[in-house]
Amino acid sequence: MFEDMGHANSAELDAVDETARNYFEAALLDGTYKGWLAEDTANAQVVAGGGVVIVPWPGYPGERFAARVWILNMYTEPPARRRGIAKKLVVTMTAWCRVHGFGAVSLHASPEGRLVYETLGFQPSNEMKLGLR
């Protein structure tokens, strides 16, 4: 996923793999990350995936929990793109968020992903970012 986003430094990619492995091992166990995968059943291969992270948050209007949810780690293997797989995953994840009573779900969109999310009703927000390195 990060390579497709233009990150080419193999040392940085290896480091994020290790960090992510540690995170997912803990977050899947404690329930703060829920993941979904799409499989090409003909080849028994995972072709896409994504997840929802649940993080403590002090609350905001319209949300009844002291938590926020974000969709993240969306990725579809290049040969499986343009088949509606990512859209089905996002529909499944947003349905999960609704069933569990969350008032909103956020995400950060790549230019390619933005097309999928906009068709599902996602709107740009006012979030900003400051690089610290």
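In this predicted model, strands E1 (residues 33–40) and E2 (residues 45–56) run antiparallel and are joined by eight bridges. One of the pairings across this ladder sets Tyr33 against its bridge partner Val53 in E2. Four residues lie between the two strands of the E1–E2 hairpin, and here Ala44 adopts a positive phi near 50°.

On to the next pairing: E2 is also joined to strand E3 (residues 67–76) by eight bridges, and these two strands likewise run antiparallel. Two positions help to place the register for a reader following along in the structure. Val52 stands opposite Ile71 in E3, while Val55 stands opposite Arg68 of E3.

Taken as a whole, the four strands form an open sheet in the order E1-E2-E3-E4, and the pairing is mixed. E1 and strand E4 (106–107) occupy the edges with a single partner strand each, so one side of each has no neighbour in the sheet. Helix H1 (residues 10–30) lies across E1, E2 and E3, and runs at about 105° to E1.

The strands also share in the interior of the protein. In soluble globular proteins, nonpolar side chains tend to be buried together. Here the largest nonpolar core contains 23 residues, among which Val52, Ile71, Met74 and Leu89 touch the most other members. At least two residues of this core come from each of E1, E2, E3 and helix H2 (85–99). The most generous contributor is H2, which gives seven residues to the core.

Val52 deserves a closer look. This residue, which stands opposite Ile71 in E3, is among the core members that touch the most others. Leaving aside residues up to four places away in sequence, Val52 touches Thr32, Tyr33, Lys34 and Trp36, then Val69, Trp70 and Ile71, and finally Met93, Trp96 and Cys97.

Trp70, one of the contacts of Val52, belongs to strand E3. The residue counts as buried because its relative accessibility is 14%, below the 20% cut-off. With residues up to four places away in sequence again set aside, Trp70 touches Gly51, Val52, Val53, Val55 and Trp57, together with Val105, Ser106 and Leu107. Pro111 lies 41 residues from Trp70 along the chain, and the C-alpha atoms of the two are separated by 18 Å.

It remains to set these details within the overall fold. The protein has three helices and four strands, which follow one another from the N terminus as α-β-β-β-α-β-α. The radius of gyration is 16 Å, close to the 14 Å given by the globule rule for 133 residues, so the protein is as compact as a globular protein of that length. Along the principal axes, its C-alpha atoms fill a box of roughly 45 × 40 × 30 Å.

Contacts and surface complete the picture. Among contacts with a separation of 6 or more, 47% are between residues 24 or more positions apart. Buried residues make up 28% of the 133 in the protein. The exposed area is about 9,600 Å², of which carbon and sulfur atoms supply 56%.

Definitions and conventions
Residues are numbered from 1 along each chain as its sequence is written. This is a predicted model: local features need pLDDT of at least 70, side-chain atom pairs count only at pLDDT 80 or more; totals for chains, interfaces and linings use all residues. Side-chain values use heavy atoms; hydrogens and water are left out. Two strands pair if DSSP finds at least two bridges between them. Contact means heavy atoms within 4.5 Å. Axes are lines fitted to C-alpha atoms, for helices over the stretch in contact, and angles run from 0 to 180 degrees between N-to-C directions. A nonpolar core is a set of buried Ala, Val, Leu, Ile, Met, Phe, Trp, Tyr and Cys residues joined through side-chain atoms within 4.5 Å. Buried means under 20% relative accessible area, exposed over 50%, partly exposed in between (1.4 Å probe, protein chains only). The radius of gyration is taken over C-alpha atoms; the globule rule is 2.2 Å times the number of residues to the power 0.38. Accessible areas come from the Shrake-Rupley method with a 1.4 Å probe; for residues, only the protein chains shown count as cover.
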